[in-house]
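Me: I would like to take a close look at a single part of the model shown below, and then to see how that part fits into its surroundings.

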Amino acid sequence: MSKHLSLRLVVALIMVGIGLVGIVGATVYEFGSARRLGPGYFPMVLSVILVGLGLAEAITAVVSRFEDLSSRIEWRPMLAILAAVAGFALTIHFFGLIPAFFVCVGFTSLAEPDFGILPAAIIAAATSLLAWGLFSLLLGMTLPLIRFGF
Amino acid sequence: MLDNILMGFATAATLTNLSYCFAGVFLGTLIGVLPGLGSLAAISLLLPVTFYLEPTTALITLGGIYYGAEYGGSIASILLNLPGTPSAAVTCLDGNPMAKQGRAGVALFITAIASFVGGSLGIVALMAFGPAIAKIGLGFGPEDYFALMLLGLVAAVTVGTGSVIRSLIMVVLGLLLGTVGTDVTSGDFRYTFGFLELRDGVSLVGLAMGLFGIAEVASSITGSNARSVKHKVDMRSMLPTRKDMRATGGPILRGSSIGGFLGALPGAGTVIAAFLSYAVELRVARDRSIFGKGAIQGIAGPESANNAAAQTAFIPTLTIGIPGSATMSIMLGALMIHGISPGPLLMTDHPEVFWGLIASFWIGNLFLLVLNIPLIGIWVRVLQFPYKFIYPVVIALICIGVFSMRTSVFDVGIVVIFGALGYLMQRVGYSPATLILGFVLGPMLEENLRRAMLLARGDAIRILTDPLAGSVLALSALLLIWAMIGGVRNIIRKQRNTSDVVGEA
């Protein structure tokens, strides 16, 4: 119970945090005058509003205790999928397209406890083939399939 | 006028454009059928692929994807009671009971017909009113644009479902993210944190894929275990009885008018149109008791409203460059990536784009009808396909799609960040669609505000007393206050209810 409540509060506080970063960042840019609004005006106004709204949401989250009982983080699928995307980014940079697909599908398959290695390998192979066909053959892009560049 | 329409068809009917339109409708339906992925995800997933095409062809493809995904969502709602998109949730109400009575085929057929008629009438409205509205738009000054965009954002916040505060947070966060990058007026780099990649701003596709693709897939994995289609659907079972046909004529016409009108308003969009049409059908029905138990009127009305609204939503997007919904703002983003700035001049500067797009809408709707009746067996099989074989492919396609746009590892990192944020936000009931709307409108909003203030010599009162801009701003303020009061009342009511429950326990 208290855990669900805190998730809503946490997200509200993340918004406040983003707003604060925005305010700090906007002080660097020129605010301008009413006639010539500077590059800092719009970001500053928005950041202040965001902080205000974030605080309002945080207060509401604390006050209304019985809302959003369903909000729970499923850590396993979330982390698996984020790792898959991050893994793809790093692998494609260093080793090329095909290894990246295998890393990506490999991490994704960890989202469920009993996915199995064979299905994951087959999906990875099929996806590589599909992407190669679509991007390299059909659309004529040059993506390095495999490389060892550091 | 007639010349323009003919030119449009000539543009749309080339072999290339026809085949891309077909491919768009097919892929859109395929993605829309998959649970958890709606038209927004479908468009952003396939947006990178369209970068390699001619602007007109790219837009035609995206248009096809959009309809396909909307229709695919209805298939999933009728057969599985799993709405892929919020507007398809209405279709669930009577569509799923019909499927349980063994009339899934009829429900799907009526959906296809209602979508086609609704879509066609929406296109007629688009052709009739588009040029006139563009002409009015030519007279708009920056202050009018600023006011109208603000109204669009406020409308999206207030008519959307869920908490007003959270929707406002999403809009403001979207606007703030929109300021990242090079400031057009001064040339300053804002919020780039030293990253070269951020000088062009946050990648729209990366943002959308993180917020919709990654977050949606991550949260639908948990619910993916128990899914089966028990209803047999083939072409023969799709034929409606004469009674069905008679019962659907009125709802389709009423639905199309409601949808056609609401779609053109900023922020209202397809969801409200579908819900309102359902409410109207409920009111005019002689026998209300059949609703929710498989009333065919309950499918025909909302489906036609939804599709008519989907068409007329293009009116503000194409003619004055102000998108009314998140999906439209991605379409707008696609236009701008292709170097076409939407607005009143689109019709005169790029008539082939405007009229070609309209003609292809019609062709796309026709394809949808032709495609869906014979191919229904395939869609049902896609639905039965285990989800665990689908989502790894979707994730891999998101990665390669985003990467391929600028061959940028950085953009894939954007997907990770917004995937995590989007997942968290989705868990506690934020709607990222309004964020996207704010993100796309943000730079235009700022630019117009700055220009308007310059023209008014820094005197905000002059903008507020301008007849058009002033009244639109007043309307936005009223809407916002009204929504705030509603929101506060809601919280108080909930508070009272929960304290009652606690008191009883």
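How many residues does helix H3 of chain B have, and what distance does it reach from its first C-alpha to its last? Please describe its surroundings as well.

Reply: The model is a predicted one, and the description below should be read with that in mind.

Helix H3 covers residues 39-50 of chain B and has twelve residues. From its first C-alpha to its last it reaches 16 Å, close to the 16 Å expected at 1.5 Å a residue.

The next point is burial. H3(B) is mostly covered, since twelve of its twelve residues are buried. At its start, Ser39(B), Leu40(B), Ala41(B) and Ala42(B) are buried. The list continues with Ile43(B), Ser44(B), Leu45(B) and Leu46(B), and it also includes Leu47(B), Pro48(B), Val49(B) and Thr50(B).

These buried residues have several packing partners within chain B. They pack against helix H2 (15-33), helix H4 (55-80) and helix H14 (326-337), and also against H9, H17 and H19.

Some of these partners lead to the neighbouring chain. In total, 57 residues of chain B are in contact with 61 residues of chain A. Helix H9 (204-220), helix H17 (391-406) and helix H19 (432-455) are among the elements that give two or more residues to the side of chain B that touches chain A. Helix H8 (164-178), helix H18 (409-427) and helix H21 (467-504) of chain B are also among them. The most is given by H18(B), with eleven residues. By residue type, this side of chain B divides into 36 nonpolar, eleven polar and ten charged residues.

A wider view of chain B places the helix in context. Its secondary structure comes to 21 helices and two strands. Of the 505 residues of chain B, 61% count as buried. The C-alpha atoms of the chain fill a box of roughly 70 × 65 × 45 Å along the principal axes. Because a compact globule with 505 residues would have a radius of gyration near 23 Å, the 22 Å of chain B agrees with that expectation. Among contacts in chain B between residues at least 6 apart in sequence, 80% join residues at least 24 apart.

One residue elsewhere in chain B gives an example of residues distant in sequence. Asn365(B) lies in helix H16, residues 351-384, and is 247 residues from Gly118(B) in sequence, with 9.8 Å between their C-alpha atoms. Asn365(B) is buried because it has 27 other C-beta atoms within 10 Å, where 20 or more are required. Leaving aside residues up to four places away in sequence, Asn365(B) touches Tyr67(B), Phe116(B), Gly119(B) and Ser120(B).

Chain A, the partner across the interface, has five helices and zero strands. Of its 150 residues, 39% count as buried. Its domain assignment gives domain 1 (2-63) and domain 2 (75-138), and 36 Å separate the centres of these two domains, taken over C-alpha atoms.

Finally, the confidence of the prediction should be considered. The mean pLDDT of chain B is 83, and 92% of its residues reach 70 or more. Within chain B, confidence is lowest in H21(B), at a mean of 77, and highest in H8(B), at 93. For the complex, the predictor gives an ipTM of 0.90 and a pTM of 0.84.

Note on methods. Residues are numbered from 1 along each chain as its sequence is written. Chains are lettered from A and ligands numbered from 1 in the order in which they are written. This is a predicted model: local features need pLDDT of at least 70, side-chain atom pairs count only at pLDDT 80 or more; totals for chains, interfaces and linings use all residues. Helices (H or I, at least four residues) and strands (E, at least two) are DSSP runs, numbered from the N terminus. The radius of gyration is taken over C-alpha atoms; the globule rule is 2.2 Å times the number of residues to the power 0.38. Two residues are in contact if their C-beta atoms, placed from the backbone, lie within 7 Å. Domain bounds come from an automatic or database domain assignment. Ala, Val, Leu, Ile, Met, Phe, Trp, Tyr, Cys and Pro count as nonpolar, Asp, Glu, Lys and Arg as charged, and the others, Gly among them, as polar. pLDDT is the predictor's confidence in each residue, from 0 to 100. The expected span of a helix is 1.5 Å times one less than its number of residues.
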